[in-house]
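This report describes selected local features of one molecular structure. The sections take up backbone geometry, ligand surroundings and a few individual residues.

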Amino acid sequence: MNTWLEQLRNVINSIDRLKDFVNLTPEEEEALRTLNTTWGTTPYFTSLMDRDDPNCPIRKQVIPSLQERRNRFGMSDFLIWKENRATGEKRPDSIARHYHDRIAFTVIDLCAIYCRHCFRKEVVIDRDLKLRLDVDEGLEWIREHVEIRDVLITGGDPFILPDDKIEYIVRKLREIPHIEMIRFGTRTPIVLPHRVDEGLMKVLGGYHRVPIWVNIQCNHPKEITEMTAKAVYNLLSCGINVGNQSVLLKGINDDTATFRKLHQRLLSIRVRPYYLFYCGAAPGIDHFRTPVEKGSELIRDAIRGHTTGLAQPMYVVSTNIGKIPLMSNYYFVEKTETEHRFINHKGQSTVLPIIPE
Ligand SMILES: *Cc1c(COP(=O)(O)O)cnc(C)c1O
Ligand code: SF4
């Protein structure tokens, strides 16, 4: 199973096949049997699971849990709210817009794996939100909106599309004079690193006026393998910038040791941390959600000053009015008539004079 298509033809989405890789707990088995939910993963990603530990961070992201039945803090119609779909200007279903100069362009509702914490689960897992994902209709809308300079291609996972479809979307976008950059959000370098093969490199590679940026989603250092490192290197060697958008997940990456290691390991495979997302209010994912302050605290206690600033993502909460950055205000401890006082990660303090306007 050395090619991405072989991996996808052999996705693990039955209890029997999963049992070849892990010893399921009775709870996991009950969840798999009784929850009526889309689930599945690649053989590659499944092979990273711990056979005996149900707390394995890979297992928890992939195997459904009975806790998905609970929904105290999840919003029904979360994605409609988050993507502003009920209000505002009329747009094709494939276009989500929060900002003046950029949009998210959803081109597919399938993924290589179905993450239990997915904030778009109403579309890709529960599938009760039906969107018409017509690429040409979206391209036409982008062509007509000259203020759009940045298109973020998302899904599902857009790298699940065949090479010729990806080539078509990229080519059509590059033909639009007001497009200055193209971005992809994909988990494939993590869950299906075979995807970044010669064919895809041919489609994406080379020098162009309109560059491509890729953001992957890696949530735990265990997800980082030699194959992922190679996939990232292949993207970079094509001239593509690679960043990471992780999701803050309770019991998976919300302790300082794991959190620091995750960001250090990302840099060690040439990936620059971009965003850390607060886990959104999608229905049935309460068990992954922390208090909102947790992300800022982790950056304060695990990253800032403790390791290079290159390792620091921006912590954001995604809302109906866009992404809101949340920084810890820990460093800023006092303001007098004449000076500000700050502390560093060791608790040492220093002052700066207040300069009048
Ligand atoms: C996240 C997002 C973007 C991209 O935001 P950046 O901060 O530029 O990465 C664009 N449009 C929508 C609707 C988004 O949710
Ligand atoms: S790959 Fe992305 S869109 Fe697909 S299930 Fe995971 S988080 Fe959701």
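## Arg127 and Arg270

Arg127 counts as partly exposed because its relative accessibility is 28%, and partly exposed covers the range between under 20% for buried and over 50% for exposed. The model is predicted. Arg127 is placed in the loop between α7 (121-124) and α8 (135-144). Its phi is near 60°, a positive value in a residue other than glycine.

Arg270 also has a positive phi, near 75°, and is likewise a residue other than glycine. Its place is in the loop between α13 (256-268) and β7. With a relative accessible area of 48%, Arg270 is partly exposed. As background, most residues other than glycine have a negative phi.

## Surroundings of ligand 1

Ligand 1 sits in the largest pocket. The residues around ligand 1 are Lys82, Ala96, His98, Tyr99, Arg102, Ile103, Ala104, Leu152, Arg183, Tyr274, Tyr275 and Lys323. Sorted by class, this shell has seven nonpolar, one polar and four charged residues. Two strands, β2 (102-106) and β7 (272-277), each supply at least two residues of the shell. The strand β2 gives the most, with three residues.

Which side chains place a polar atom 2.6 Å from an oxygen atom of ligand 1? Arg102 does so with a polar side-chain atom, and Tyr274 does so with an N or O atom of its side chain. For Lys82, a polar side-chain atom lies 3.0 Å from an oxygen atom of ligand 1. Taken alone, ligand 1 exposes 390 Å², and the protein buries 91% of that area.

## Surroundings of ligand 2

Ligand 2 sits in the largest pocket as well. Its shell consists of Cys111, Ile113, Tyr114, Cys115, Cys118, Gly156, Arg187 and Gln217. By class, the shell around ligand 2 has five nonpolar, two polar and one charged residues.

One member of this shell, Gly156, takes part in a cis peptide bond with Gly155, where omega is about 25°. Gly156 lies in the loop between β3 (150-154) and α9 (163-174). For context, most peptide bonds are trans.

## Asn215

Where does Asn215 lie? Asn215 is in strand β5, which spans residues 212-216. Asn215 is buried because its relative accessible area is 11%, and the cut-off for buried is under 20%. The side chain of Asn215 reaches the backbone nitrogen of Asn244 at a distance of 3.5 Å.

## Ile12

Is Ile12 buried or exposed? Ile12 has a relative accessible area of 0%, so it is buried. In the chain, Ile12 lies in the loop between α1 (4-9) and α2 (15-18). Ile12 and Tyr44 are 32 residues apart in sequence, and their C-alpha atoms are 9.5 Å apart in space.

## Summary of the local picture

Both ligands are placed in the largest pocket. For ligand 1, polar side-chain atoms of Lys82 and Arg102 and an N or O atom in the side chain of Tyr274 each lie at the stated distance from an oxygen atom of the ligand. For ligand 2, the surrounding residues include Gly156, which is joined to Gly155 by the cis peptide bond. The positive phi values belong to Arg127 and Arg270, and each of these residues is in a loop.

Note on methods. Residues numbered from 1 in each chain as written. Chains lettered and ligands numbered in written order. Predicted model: local features only at pLDDT ≥ 70, side-chain atom pairs only at ≥ 80, totals over all residues. Heavy atoms only, no water. Near = heavy atom within 4 Å. Polar contact = N/O pair within 3.5 Å; in protein donor to acceptor, adjacent residues only side chain to side chain. Areas by Shrake-Rupley, 256 points an atom, 1.4 Å probe, with all protein chains shown as cover. 1 Å grid on protein atoms, 1.4 Å probe; cavity = no way out; pocket = protein on both sides within 12 Å on 5 of 7 lines; lining within 4 Å. Sits in = over half its atoms within 2 Å of the grid points. Helix = DSSP H or I, 4+ residues; strand = E, 2+ residues; numbered from the N terminus. Nonpolar A, V, L, I, M, F, W, Y, C, P; charged D, E, K, R; others polar. Buried < 20%, exposed > 50% of the residue type's maximum accessible area, 1.4 Å probe, protein only.
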